[in-house]
Amino acid sequence: MFFGYHFFKELKAIARKFPKRNIKVAIVNALAKDDRKRADIFIQELAEEDAEILKFGKYLFGNWEYIRNLIILDIPGSCTEGQVSHVLSERFSRNPMGWSKVGLGKLSKLRVYNINGGKFTGKDLKEEPVERYCDYADRFIEENIAGAIDWSIFEGEQTIMNVNSGTQILLRRYGTDHGILGGNILS
């Protein structure tokens, strides 16, 4: 969680509700001295005037150790949200486009590299070879017939029947006149 940001945001909101009380100093001192009892008494006093303070108290005591370590160890906090917003969202969310997973990954890495001070030019971008479909089809056929038995010896030329040849006309005529010739011979 982002305890530092949210904690100080809530602390400022409470301090605005009670401008005459030194809430920030009191809570931060209680955290620095690890004095939960003192912080609890202070929050209970404030809750008598505004019950919403109890919500802040629940958050404070639920995350006491984390917030205390943040203050005592002087941990600067996380800048993750800002990084995502300024580095990635600027290109990918605010100007929405369709991205492939591969393209999105490559462009994200390049943006982070650039933000971190890296320099790249068009010469640094390698263009991946694109296989044309006809080349893919030829490669696919070659890979799949490798080691297969050659049966081409049994493949002969196919005879193309010309429907207007003399033989075809005679056969067709014989088929339509089948009763005439056959009947005269047998009777």
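Y136 is partly exposed, with a relative accessible area of 35%, and its ring makes a handy way into this predicted model. Y136 pairs up with Y133 in a tilted aromatic arrangement, the ring centres 6.1 Å apart and the planes at 40°. The two tyrosines sit 3 residues apart in helix α8 (residues 133-145), so about one helical turn separates them. Y133 counts as exposed, at 66% relative accessibility.

That pair is one of 5 aromatic pairs that turn up in a search of the whole structure. Another one joins F7 and F8, this time edge-to-face, at 5.0 Å centre to centre and with 70° between the planes. The two phenylalanines can be told apart by their surroundings: F7 is buried, at a relative accessible area of 0%, whereas F8 is partly exposed at 34%. Ring pairs also bring in F56, giving a cluster made of F7, F8 and F56.

F7 and F56 come up again in the largest nonpolar core, which has 18 residues. Along with I23, I27, L31 and L60, these two phenylalanines are the members that touch the most others. Helices α1 (3-17), α2, α3 (36-49), α4 (53-62) and α5 (64-72) each put in at least two residues. The largest share, 5 residues, comes from α2.

So what does α2 itself look like? Helix α2 covers residues 23-32, and its buried residues are I23, A26, I27, A30 and L31. Looking down the axis of α2, these buried positions fall within an arc of 130°, so they line one face of the helix. I27 gives a good sense of the packing: leaving aside residues up to four places away in sequence, I27 touches F7, L11, F42, I43 and L60. After α2 comes D34, which has a positive phi, near 55°.

A positive phi also shows up after helix α7, at G117, where the value is near 100°. Helix α7 itself runs over residues 101-115, 15 residues in total. From its first C-alpha to its last, α7 reaches 21 Å, close to the 21 Å expected at 1.5 Å a residue.

Now for the charged side chains. Side chains of opposite charge can pair when their charged atoms come close. The model has 8 salt bridges by the rule used here. One of them is between K17 and D50, at 3.2 Å from N to O. This pair links distant parts of the chain, with K17 in helix α1 and D50 in the loop between α3 and α4, 33 residues apart. K17 also meets E52 in a salt bridge, at 3.3 Å from N to O. Since E52 lies in the loop between α3 and α4 and K17 in helix α1, this second pair ties together parts that are 35 residues apart in sequence. K17 is partly exposed, at a relative accessible area of 42%, while E52 is exposed at 57%.

Elsewhere, R132 forms a salt bridge with D135, and the closest N and O atoms are 3.8 Å apart. R132 counts as exposed at 53% relative accessibility, and D135 as partly exposed at 35%. As for networks, salt bridges with shared partners join K17, D50 and E52 into one.

Conventions
Residues numbered from 1 in each chain as written. Predicted model: local features only at pLDDT ≥ 70, side-chain atom pairs only at ≥ 80, totals over all residues. Heavy atoms only, no water. Buried < 20%, exposed > 50% of the residue type's maximum accessible area, 1.4 Å probe, protein only. Helix = DSSP H or I, 4+ residues; strand = E, 2+ residues; numbered from the N terminus. Arc of directions from axis to C-beta. Core = buried A, V, L, I, M, F, W, Y, C linked by side-chain atoms within 4.5 Å. Contact = heavy atoms within 4.5 Å. Salt bridge = Lys/Arg side-chain N within 4 Å of Asp/Glu carboxyl O. Expected span 1.5 Å × (residues − 1). Phe/Tyr/Trp six-rings, centres within 6.5 Å; stacked < 30°, edge-to-face > 60°.
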